[in-house]
Amino acid sequence: MKIHANFRLFAATKFDATKYIASPSYGVNRFMLDRIGEEKARATTIVEYQPNSKFPEHTHIGGEEFLVLEGTIKDQFGEFPAGIYVRNPIGSVHAPWVDGDGCTIFVKLLQMADTGEGTTPLHVDLEKAKETAAVSTDFGCVAPLYKNKDTGECVEMCWIQPNKEFTFISNGSGSGIGGEELFIMSGSLFCEGTEYGKWGWLRFPPAVVDAEEQPRQTVKSGENGAQLFRKTG
């Protein structure tokens with residue numbers, strides 16, 4: 001299966017809850033954003049766990065990272081409520097489940113590098129990160145969630161003020177060279193005349209690395225601003 005599999009092309013999707021696809025595990029449904037492969041795949045997905053559902057024990061052969069969007073997801077290592085960012089390293093094993101409140105996550109699988117990642121899980125509370133580590137910008141503020149110095153991967157949470165324009169530029173610092181990905185946790189974004197609302201997803205291709213500056217498409221927040229998961233590198 002291939003969905004938005006060409007990473008050198010711009011890709012974007014509006015979330016539509018009517019387009020969930022049932023997984024092999026009863027009560028666990030998927031809204032696929034990008035995918036290369038069948039059941040074991042390099043994939044970016046919104047996953048809905050219906051109340052009292054579970055997923056069997058599995059190994060993350062290429063690692064796993066996820067944001068908890070609604071509810072609480074649990075595994076043998078802890079409980080992770082809405083607003084938590086989790087990275088489970090390559091080779092990690094777990095068997096997640098949810099209780100009666102159900103849960104929805106944004107998850108990326110089989111996308112971690114063999115170098116620089118480490119072997120310890122990472123858990124970040126987004127609101128605490130905003131309070132303690134966020135840096136002010138022209139468009140709002142940004143809090144770092146993860147950075148791999150070996151590969152250039154950088155994960156951030158961005159809080160964008162209403163009706164703010166911002167363009168991502170690769171200027172040799174590493175930002176944008178490996179492409180950029182935006183996931184809208186709340187609010188909305190406009191890109192090339194199209195508005196993407198809550199749980200919308202946009203992926204920009206790698207910059208032209210031999211250019212001194214390579215601007216992205218201009219992206220503008222909606223009237224209520226936006227909270228964005230941003231990954232570069």
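These are my notebook entries on one protein chain, taken from a predicted model.

**Entry 1: overall form**

I began with the secondary structure. The protein chain has one helix and 22 strands. Next I looked up the extent of the chain. Its C-alpha atoms fill a box of roughly 50 × 40 × 40 Å along the principal axes. I then checked the radius of gyration. A compact globule of 233 residues would have a value near 17 Å, and the protein chain has 17 Å, so the two agree.

I also looked at contacts with a separation of 6 or more. Of these, 67% join residues 24 or more positions apart.

**Entry 2: surface and charge**

How much of the chain is buried? I found that buried residues make up 47% of the 233. The protein chain exposes about 11400 Å². Carbon and sulfur atoms supply 50% of that area.

For charge, I noted 23 positive and 31 negative charges. I compared their mean positions and found them 3 Å apart.

**Entry 3: the largest nonpolar core**

I turned to the interior. The largest nonpolar core holds 24 residues. Which of its residues touch the most other members? They are Leu 67, Tyr 85, Phe 106 and Phe 183.

I then asked which elements supply at least two residues each to this core. Helix H1 (126-133) is one of them. The strands are S4 (28-37), S7 (64-75), S14 (140-147), S15 (154-160) and S18 (180-191). S14 gives the most, with four residues.

I followed Leu 67 further, leaving out residues up to four places away in sequence. Leu 67 touches Ile 84, Tyr 85, Thr 104, Ile 105 and Phe 106, among others. Its list of contacts also includes Leu 126, Met 157, Phe 183, Met 185 and Phe 229.

Apart from this core lies another, of 15 residues. Among them are Val 142, Ile 184, Leu 189 and Tyr 196.

**Entry 4: Thr 194**

I picked one residue for a closer look. Thr 194 is found in strand S19, residues 194-196. Is Thr 194 buried, partly exposed or exposed? Its relative accessible area is 27%, so I logged Thr 194 as partly exposed. The cut-offs behind that call are under 20% for buried and over 50% for exposed.

Thr 194 touches Lys 14 and Leu 189, again not counting residues up to four places away in sequence. Leu 189 is one of the residues of the 15-residue core.

Last, I checked a distance. Thr 194 and Val 86 are 108 residues apart along the chain. Their C-alpha atoms are separated by 30 Å.

Conventions
Residues numbered from 1 in each chain as written. Predicted model: local features only at pLDDT ≥ 70, side-chain atom pairs only at ≥ 80, totals over all residues. Heavy atoms only, no water. Core = buried A, V, L, I, M, F, W, Y, C linked by side-chain atoms within 4.5 Å. Buried < 20%, exposed > 50% of the residue type's maximum accessible area, 1.4 Å probe, protein only. Contact = heavy atoms within 4.5 Å. Rg over C-alpha atoms; globule rule 2.2 N^0.38 Å. Areas by Shrake-Rupley, 256 points an atom, 1.4 Å probe, with all protein chains shown as cover. Lys, Arg positive; Asp, Glu negative; His and termini not counted. Charge placed at Lys NZ, Arg CZ, Asp CG, Glu CD.
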